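User: Please choose one part of this model and examine its surroundings closely. I would like a single connected account that starts from one side chain and works outwards.

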Amino acid sequence: MIAQTDTTPFVGQHHAIIDIGSNVWQSAEAEKVAFLIDGDNYFRRLDQALRHARRTIWIVGWDFNPNLRLRPAGGTQAETIGALLRAAVDANPDLEVRILVWGMGPIYSGKTFRFFRKMDWNDHPRISLRFDLKHPIRASHHQKFVCVDDSIAFLGGMDLTARRWDDREHKAANPLRASPEGKRYGPVHDVQSMVSGAAAKMVGDIARRRWLKATGKAVEAGTTYAAPWPDDLLPALTHCPAAVALTEPSNWNSKGRRDAIRLTHDAIRAARKLVYIETQYLASFSVANTIAERLAEPDGPEIVVIVTRESHGFLEKVMMGNNRDRLIRRLKRADIHDRLRIMFPVVPDGTGGEQEVIIHSKTVIIDDYFIRIGSSNLNYRSEGLDTESDLAFEIAELEQRTAVSTFRYDLMAEHLGASIDVVETVMTETGSMVATIDRLNTGARGLRHFAVDIARGKTSSVFGTGLIDPKKPFWPLQKFRAGIGTLATRMLGGIF
């Protein structure tokens, strides 16, 4: 427990979490902020922003699919994102589009590099597509953001690729939930933040930083065009600070950055009453240790973790799945005061059974004053191997703190199949996030516990975790890999 006599700065009645230079890279004011829950909301708002672009569009991600439709329901704005970008540069002679994709992303997502050869959508001198291969062995570029005219930016868990779109109903069967090639996939939940003002310019600076490192070419910020905020989107927050936490792997001449994992630990340690987490993976035993310390406190916070149960591929099942179960076992043993819930969401499948809703979001909410949304999972590789970015909001103004609790209510309501008002009412009555979940979790749509034997089984990481889910780059192979990555990036840059 944080002692009342320490000298940590306060935000309102809470200890400040964000510390520039320690757990975040930079901070800037966000003129407006929105929290976009699930792909339907994100893609719709992104579609609006891209159509107003005048000078710059940055798209940075793990993967990119130009055949993706941001409006899958059809209508007059149902063209592919590739066609949308091409039409935008044709209509605006000052517009530059730059897309940076992890070099292995198209392979992992089932495409080949032929998919990105010059085609109608990118056969234009002001559309630049580059592949980033300058990463350590086993590492990936995992950042997921878009910045339009340095004035509106989107950052969170969603790439512009297949298997990301879903609406908030998460029906087990939805004909609109299909890849550009027409392949159906199951329900998926995600979160993206949307910011305007100086905070958006800060996201643009991350893009320029990544572009320089990946291509060796510097891009100046230029003149900012004030892209309009959608008239029908009420911001959750206005004129509040936003901070960027970066994760970048170390190499022989750089210490790298480990902002996000420090921010996660600091946030959990600062919590007074509530810790709410959504994560695709739950496999960081260092984070588990911090959570266990809080659970041991007699008056510590309640902690709710919503995480994916389903694993894809042999290594993910063996490593991530087993480590998740061992970690859950450790935390449940530490939960001597019954303040922990680790669960996964389901919806009815129409045959009397259940269909899991895959959690792809990476979100942390602390009490009523802190939110972190980004690309960082709670696994080891997100701590110092992959390249990650997260936006954090620490709310000092008391009148704006309802936005934090409302966001948490909204997420809980979706998973429980309830309304925001009902969740808020029960939270007010009980004063407990755990009790609210327990009371409302009675329907076919809801949250389910993991079937983990608490009494028996290991609570340490699986042997070989350091090879499959490493915290940092492998040495001494990095210098060789860096040279290969530089050569490959130059070759691909010349081809595409």
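Analyst: **H170 and its surroundings**

The side chain of H170 comes to 3.5 Å from the backbone oxygen of V188. The model is a predicted one, and what follows should be read as a description of that prediction. H170 belongs to the loop between β8 and β9. Its relative accessible area is 1%, and because buried means under 20%, H170 is classed as buried.

Which residues does H170 touch, leaving aside those up to four places away in sequence? They are D38, R177, P187, V188, H189, V347, V357, E414 and R445. V188 therefore appears both in this set of contacts and as the residue whose backbone oxygen the H170 side chain reaches. For E414, the separation in sequence is 244 residues, whereas the C-alpha atoms of H170 and E414 are 9.2 Å apart.

**Salt bridges around the loop**

R177, one of the residues touched by H170, forms a salt bridge with D166, with 3.2 Å between the closest N and O atoms. Both R177 and D166 lie in the loop between β8 and β9, eleven residues apart, and the pair links distant parts of the chain. Neither partner is exposed: R177 counts as buried at 1% relative accessibility, and D166 counts as buried at 0%.

R168 forms a salt bridge with D410, at 2.9 Å from N to O. Why does this pair tie together parts that are 242 residues apart in sequence? The reason is placement, since D410 lies in helix α9 (residues 402–416) and R168 in the loop between β8 and β9. Here the two partners fall into separate classes of accessibility: D410 is buried at 18%, whereas R168 is partly exposed at 27%.

Across the structure the count of salt bridges comes to 30. One of them joins the side chains of D205 and R208 at 2.9 Å, N to O. D205 and R208 sit in helix α4 (residues 198–215), three residues apart, or about one turn of the helix. An α-helix has 3.6 residues a turn, so residues three or four places apart point the same way. D205 is partly exposed, with a relative accessible area of 23%, while R208 is buried at 9%. Elsewhere, salt bridges with shared partners connect D38, R168, D410 and E414 into one network. D38 and E414 from this network are also among the residues that H170 touches.

**Aromatic pairs**

The whole structure contains eight aromatic pairs. In one of them, F35 and F407 have ring centres 4.6 Å apart and planes at 25°, so the pair is stacked. F35 lies in strand β3 (residues 26–37) and F407 in helix α9, so the two rings tie together parts that are 372 residues apart in sequence. F35 and F407 are both buried. In another pair, F344 and F450, the ring centres are 5.1 Å apart and the planes stand at 70°, so the arrangement is edge-to-face. F344 is found in strand β15 (residues 340–348) and F450 in the loop between β21 and α12, so this pair ties together parts that are 106 residues apart in sequence. F344 and F450 are also both buried. Ring pairs further link F35, F393 and F407 into a cluster.

**The strands leading into the loop**

Strand β8 (residues 152–156) pairs with β7 in the antiparallel sense over four bridges. The two strands form a hairpin with three residues between them, and D149 in the turn has a positive phi of about 55°. Strand β4 (residues 56–61) also pairs with β7 in the antiparallel sense, again over four bridges. F145 of β7 stands opposite V60, and F145 also stands opposite L155 in β8. In a regular strand the side chains alternate between the two faces of the sheet. Are the two faces of strand β7 covered or exposed? Both are covered: F145 and C147 on one side, and V146 and V148 on the other, are all buried.

Note on methods
Residues numbered from 1 in each chain as written. Predicted model: local features only at pLDDT ≥ 70, side-chain atom pairs only at ≥ 80, totals over all residues. Heavy atoms only, no water. Buried < 20%, exposed > 50% of the residue type's maximum accessible area, 1.4 Å probe, protein only. Pairing = 2+ DSSP bridges. Salt bridge = Lys/Arg side-chain N within 4 Å of Asp/Glu carboxyl O. Phe/Tyr/Trp six-rings, centres within 6.5 Å; stacked < 30°, edge-to-face > 60°. Contact = heavy atoms within 4.5 Å. Polar contact = N/O pair within 3.5 Å; in protein donor to acceptor, adjacent residues only side chain to side chain.
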